[in-house]
Amino acid sequence: MPRSRPVAATKSPSAAKKLKDTLLIKISSEKPEIEKIQLAANVINKGGLVAFPTETVYGLGADALNSKAVEKIFAAKKRPPDNPIIVHVASKEDVYRLAKSVPKGAEKLMSQFWPGPLTLILKRSELVPDITVVGLDTIAIRMPNNEVALALIRESRTPIAAPSANLAGRPSPTTAQHVIDDLAGRIDVVLDAGPTRIGVESTVVDMTTSIPVVLRPGGTPFEKLKNVLGKVDLHPAVIAATKRRVDVARSPGMKHRHYAPKAEMVVVEGKPEKVLERVQGLVASYMAKDKKVGVLATNESQSNYNADVVKSLGSRSDPDTIAKNLFKLLRELDQENVDVIIAEGIAAEGLGLAVMNRVRRAANFNIVKVS
Ligand code: TXA
Ligand code: MG
């Protein structure tokens with residue numbers, strides 16, 4: 001198709017509907033229909049924006065090598081202009097085009113965990129426009145483990161820059177409806193392949209230092225990285241219990257407010273019995289002040305709370321399920337218009353580390369420790 005044709009003029013397939021100016025297209029998660037992928041790839045190639053599923057959360061994609069297109073991502077999300085974007089690839093060859101050098105450790109991680117929820121920070125090549133990496137000398141790259149995402153990247157024949165497809169500061173989207181709630185009318189297309197499998201974003205590892213550093217815990221557990229790399233550090237901000245001044249050049253995303261529900265939020269951490277008692281106490285005192293109170297509980301504790309709204313994240317012994325439910329439940333509590341959210345902390349192991357990192361940020365580090 002000629003480049004001059006407006007993005008919106010593309011003919012819609014069946015199972016598509018228009019929401020404001022955004023085309024919502026249902027697509028098969030296992031065998032994505034090629035005509036739908038082609039339509040979306042056309043939009044990418046013309047410099048448009050396509051939200052698509054990955055195994056972690058929905059991403060908001062644009063041609064990573066087209067500055068004008070990437071600029072539109074920042075505008076649509078209202079993303080702070082100093083927060084760089086992850087570039088998604090469908091083949092390892094692309095990594096060698098986008099990065100200046102690929103250390104041995106990165107090659108090990110790629111063969112072990114790709115496609116999958118792991119993002120590698122590498123020194124960038126000249127190919128990458130400044131805006132994609134906000135002028136840094138590094139680039140974040142990942143190969144998602146999702147058929148729709150991989151088909152879209154292949155068909156577009158270009159790497160796709162994609163942050164999570166939410167308005168900046170809001171919980172990441174794990175369904176197409178979440179994307180629509182935040183971005184309808186602001187982007188061209190949403191490919192809806194149902195809820196995402198993992199529910200928290202990829203793990204981000206800086207591979208540019210002699211000892212790799214996890215900048216953001218995510219879908220690939222820290223313990224697994226350690227098994228493969230031997231030595232790997234956790235950036236102090238990952239486990240911070242207070243807001244800290246971060247080395248902005250190193251991990252630009254960490255200084256911004258994230259995952260924030262509209263309500264005020266508190267997280268209670270410690271031994272489960274003590275947590276239960278304290279959450280009950282907090283519920284009672286907020287309700288006495290006529291606040292509408294929501295609790296993010298676990299299966300084990302759920303029936304013990306008398307709040308206005310009680311939602312269970314899953315069993316304490318199953319952090320994978322808790323990760324999958326977290327962002328959805330934060331959004332549901334917002335829709336219930338609660339004034340306060342009280343969340344139970346869980347063990348920071350496996351995906352629990354990513355969960356607690358997100359929960360503490362969502363609560364703006366409003367943490368109550370009990371023992
Ligand atoms: O699972 C995911 O990673 C999802 C899906 C869509 O792939 N994407 C995602 O993107 O979570 P976003 O933009 O919401 O988060 C990207 C994180 C930010 O914290 C950003 O600061 C960091 O990666 N990042 C990107 N490029 C970087 C770089 N060159 N150096 C350090 N951090 C970087
Ligand atoms: Mg994000």
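How far does a polar side-chain atom of Asn83 lie from an oxygen atom of ligand 1? In this predicted model, the separation between the polar side-chain atom of Asn83 and the ligand oxygen is 2.7 Å. Two further side chains make contacts of this kind. A polar side-chain atom of His88 is placed 2.6 Å from an oxygen atom of ligand 1, and for a polar side-chain atom of Arg216 the distance to an oxygen atom of the ligand is 2.9 Å. Of the 680 Å² of accessible area that ligand 1 has on its own, 95% is covered by the protein.

The surroundings of ligand 1 comprise 25 residues, of which Thr56, Arg79, Asn83, His88 and Ser202 come nearest. Sorted by class, this shell consists of 12 nonpolar, eight polar and five charged residues. Strand 7 (138-142) and strand 11 (213-216) are the elements that contribute two or more residues to the shell. Strand 7 supplies the largest share, with four residues.

Both of these strands belong to an open sheet of 12 strands, arranged in the order 1-2-9-3-4-8-5-7-6-10-11-12 with mixed pairing. The edges are occupied by strand 1 (16-19) and strand 12 (233-234); each has a single partner strand, so one side of each is left without a neighbour in the sheet. Within the sheet, strand 3 (residues 50-52) pairs with strand 9 (residues 189-192) in the parallel sense, over two bridges. Val50 is found opposite Val189 of strand 9.

Two backbone features occur in loops that adjoin strands of this sheet. Lys20, in the loop between strand 1 and strand 2 (22-26), has a positive phi of about 50° although it is not a glycine. The peptide bond joining Trp114 and Pro115 is cis, with omega about -10°. Pro115 is located in the loop that runs between helix 4 (104-113) and strand 6 (118-123).

A further open sheet contains five strands in the order 15-14-16-13-17, and its pairing is parallel. Strand 15 (309-312) and strand 17 (367-369) form the edges of this sheet; because each has a single partner strand, one side of each is left without a neighbour there. On average, neighbouring strands of the five-stranded sheet are turned by 20° against each other, direction ignored. Helix 8 (residues 272-288) packs on this sheet and touches strand 13 (264-269), strand 14, strand 16 and strand 17. The direction of helix 8 makes an angle of about 155° with that of strand 13. Strand 14 (residues 293-297) is paired with strand 16 (residues 340-344) in the parallel sense, over four bridges. Among the residues of this pairing, Val293 has Val340 of strand 16 as its bridge partner.

Key: Residues numbered from 1 in each chain as written. Chains lettered and ligands numbered in written order. Predicted model: local features only at pLDDT ≥ 70, side-chain atom pairs only at ≥ 80, totals over all residues. Heavy atoms only, no water. Pairing = 2+ DSSP bridges. Axes fitted to C-alpha atoms, helices over the stretch in contact; angles between N-to-C directions. Contact = heavy atoms within 4.5 Å. Near = heavy atom within 4 Å. Polar contact = N/O pair within 3.5 Å; in protein donor to acceptor, adjacent residues only side chain to side chain. Areas by Shrake-Rupley, 256 points an atom, 1.4 Å probe, with all protein chains shown as cover. Nonpolar A, V, L, I, M, F, W, Y, C, P; charged D, E, K, R; others polar.
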